[in-house]
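Good morning, and thank you for coming. Please look at the sequence and the structure on the screen before I begin.

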Amino acid sequence: MPDIKITPLGAGQDVGRSCILLSMGGKNIMLDCGMHMGYNDERRFPDFSFIIPEGPITNHIDCVIISHFHLDHCGALPYMTEMVGYTGPIYMTHPTKAIAPILLEDMRKVAVERKGESNFFTTQMIKDCMKKVIAVTLHQSVMVDSELEIKAYYAGHVLGAAMFWIRVGSQSVVYTGDYNMTPDRHLGAAWIDKCKPDLLITESTYATTIRDSKRCRERDFLKKVHECVAKGGKVLIPVFALGRAQELCILLETYWERMNLKYPVYFAVGLTEKANNYYKMFITWTNQKIRKTFVQRNMFDFKHIKPFDKGYIDNPGAMVVFATPGMLHAGLSLQIFKKWAPNENNMVIMPGYCVQGTVGHKILGGAKKVEFENRQVVEVKMSVEYMSFSAHADAKGIMQLIQFCEPRNVMLVHGEAVKMEFLKEKIREEFKIECYTPANGETCTISTPIKIPVETSLSILKEEVKKYNAQPPDPKRRRIIHGILVMKDNKISLMSIDEIFNEAGIDRHVIRFISKIKLDDPGPPMRTIEKLYNMLNERLSGWTVTMNDNNSINVESVNIKIETEEVPNAGAPHGQSSVVSAHKICNVSWVNQDEDLGSYILGLLQSL
């Protein structure tokens, strides 16, 4: 049996640094190439020496696929292509290709210019890396080479996020990246064909969580923000530049408008201003409501939300500030946090997942003091709230996706080991399929059945559809096609008999079987034929029984004909009729394709 091998270099029983090596049918594919937000040393990037101890990896990887622009999925890309060495194709969607370099450059600035780190990629390296990228459109079938095919599907989560279906020969894998099965205020829900892959590799960030109603969460969020600013407090909402930021902005904007509130709301500009421009540009990737209102007004042109200036940090009075990044591990959001944390009137609302090692993770864990690199200790007196506006699928969403695409095996990545274990058992129990949870550097080997592709002629398919549509609908009924397997030029095809004769240039011979039965039925032959017609109509439901003008009946190729046979009376006196009686002979004939039907009808007539 051919095998599929998967090795996570990152995101194996861990969130962050997504990078998964997939080997199937002699091809090696890298799925995502991210960095870890919780580390500042060499552990932040995947261990590429696993692929080859040293030197470029171009000859060992056939292609790289990036699911979306979040740095834990694309942050190590310039490092791999320009510093490790990779010149092969990289695939991502158009929005990802447009936005990823902006986030990479922003991260580079923070790491190199503010923290003074060395061994980091340069601005030029980001540009050179993006030149290798091939942008793909949703549902577009892309042939990487003659055997390797990929196709992107809508994943929700953030603008441009995609799941990828990957096929080599008869083997196929679906890699989800990060996805969201529930639509939100600015994006639709993830969607994929019922593609029945050999393996589904899915994220499991919220493997044990089932989220409450979205409306309750939104109401709670608005209530807490309003209460805090009403008593003169400041609210800090750390967000990533794209995704939750737009979601929460639309929410606050509509609430401020409805309640006619005058408290200032700021957005740390720079990145997000660019981000909103991309949302305007890629409006087709957003949901139905935004596309509809786009004609009258753009949902991303905010009336109440103004750009933020660093000078505002020490301003007195209430305010709400959205600042990046979302896990409080660097940048402006951390700067504001340090200033506002010691005041109990203030509040920080964490709207998404925080990786271990980040300040966000520490304060959500209840830390009352946070120590920083320069021995600075910050007391946390402000209230800390966690409200999941995360755009990841919860446990219910993951199960929904499995149900929808019907994989033969499932692999969980991008989650915490203990939670994964729980979900793994649930999947095995509910779907009766194998589930894997490899750790980083651990290789999983999955055997797949050998599938032989067969090309089928159009006429056979049309014939099957005609028969199938003539019956009452039943999704569980198996669809069977009849034909003859033909091997030609190392290809196997299923063809109808007529097509084979045409192809081979042979005249078709038909064999007909004929059986005769004596029937004792007085009266004219026409009456006997009518009796047989009514009996066959009753017994052969689902078949078309037709009566012909020449006293015969047809069912498919089966023909039933009645003849009379006169029996002479040898002892009859001269001048009287010599016919004593007339036997009826029933001729039943059929061609060999209808052998079963012919035998069945013959049996019926013999039992009369």
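**A hairpin, its sheet and its surroundings**

Let me begin with a hairpin: β24 and β25 form it, with two residues between them, and Asp-489 in the turn has a positive phi of about 50°. Please keep in mind throughout that this is a predicted model.

Where does Asp-489 sit in the chain? Asp-489 is in the loop between β24, residues 484–488, and β25. Its phi is positive although Asp-489 is not a glycine. For a first-year audience the background is worth stating: most residues other than glycine have a negative phi, and most peptide bonds are trans. As for its surroundings, Asp-489 is exposed, with a relative accessible area of 68%.

The two strands of the hairpin run antiparallel and are joined by five bridges. Within this pair, Leu-485 has Leu-494 of β25 as its bridge partner. On another strand, Thr-456 also has Leu-494 in β25 as its bridge partner. That second pairing is between β23 and β25, which run parallel and are joined by two bridges.

Taken together, these strands make an open sheet of three strands in the order β23-β25-β24, with mixed pairing. Which strands stand at the edges? They are β23 and β24; each has a single partner strand, so one side of each is left without a neighbour in the sheet.

A helix belongs to this picture as well. Helix α13 covers residues 458–470, which is 13 residues, and it reaches 18 Å from its first C-alpha to its last, close to the 18 Å expected at 1.5 Å a residue. Which residues of α13 are buried? They are Ile-460, Glu-464 and Tyr-468. These three lie on the same side of α13, because they cover an arc of only 65° around the axis. The buried residues pack against β23, residues 455–456, and β25, residues 491–495. On the face turned away from the buried side, α13 carries the exposed residues Leu-458, Lys-462, Lys-466, Asn-469 and Ala-470.

**A second sheet**

I now turn to another part of the model. Here there is an open sheet of seven strands, in the order β6-β5-β4-β3-β2-β1-β22, with mixed pairing. Its edge strands are β6, residues 133–136, and β22, residues 444–447, and each of them pairs on one side only. On average, neighbouring strands of this sheet are turned by 25° against each other, direction ignored.

Inside this sheet, strand β3, residues 27–31, and strand β4, residues 63–65, run parallel and are joined by three bridges. Ile-29 stands opposite Cys-63 in β4. Helix α2, residues 77–85, packs on the sheet and touches β3, β4 and β5, the last of these being residues 90–93; the direction of α2 makes about 155° with that of β5. When you look at strands in general, remember that in a regular strand the side chains alternate between the two faces of the sheet.

**Two helices that cross**

How do α5 and α6 meet? The axes of α5 and helix α6, residues 244–259, come within 11 Å and cross at roughly 65°. The crossing is right-handed. On the α5 side, the residues that meet α6 are Lys-214, Glu-218, Phe-221, Leu-222, Val-225 and His-226. On the α6 side, they are Glu-247, Leu-248, Leu-251, Leu-252, Tyr-255, Trp-256 and Met-259.

**Three loops**

Finally, I would like to visit three loops. The loop between β11, residues 199–203, and α5, residues 214–230, contains Ser-204. Is Ser-204 buried or exposed? Ser-204 is buried, because its relative accessible area is 0%, and under 20% counts as buried. Leaving aside residues up to four places away in sequence, Ser-204 touches Ile-398, Leu-412, Val-413, His-414, Gly-415, Met-420 and Leu-423.

Lys-196 is in the loop between β10, residues 171–175, and β11. Its phi is near 45°, a positive value in a residue other than glycine. With 44% relative accessibility, Lys-196 counts as partly exposed.

What kind of peptide bond joins Thr-324 and Pro-325? The bond is cis, with omega about -5°. Pro-325 lies in the loop between β15, residues 319–323, and α9, residues 331–340.

Thank you for your attention.

Methods: Residues are numbered from 1 along each chain as its sequence is written. This is a predicted model: local features need pLDDT of at least 70, side-chain atom pairs count only at pLDDT 80 or more; totals for chains, interfaces and linings use all residues. Side-chain values use heavy atoms; hydrogens and water are left out. Helices (H or I, at least four residues) and strands (E, at least two) are DSSP runs, numbered from the N terminus. The expected span of a helix is 1.5 Å times one less than its number of residues. Buried means under 20% relative accessible area, exposed over 50%, partly exposed in between (1.4 Å probe, protein chains only). The arc is that of the directions from the helix axis to the C-beta atoms. Contact means heavy atoms within 4.5 Å. Two strands pair if DSSP finds at least two bridges between them. Axes are lines fitted to C-alpha atoms, for helices over the stretch in contact, and angles run from 0 to 180 degrees between N-to-C directions. A crossing is left-handed if the near helix is turned anticlockwise from the far one by less than a right angle, and right-handed if clockwise.
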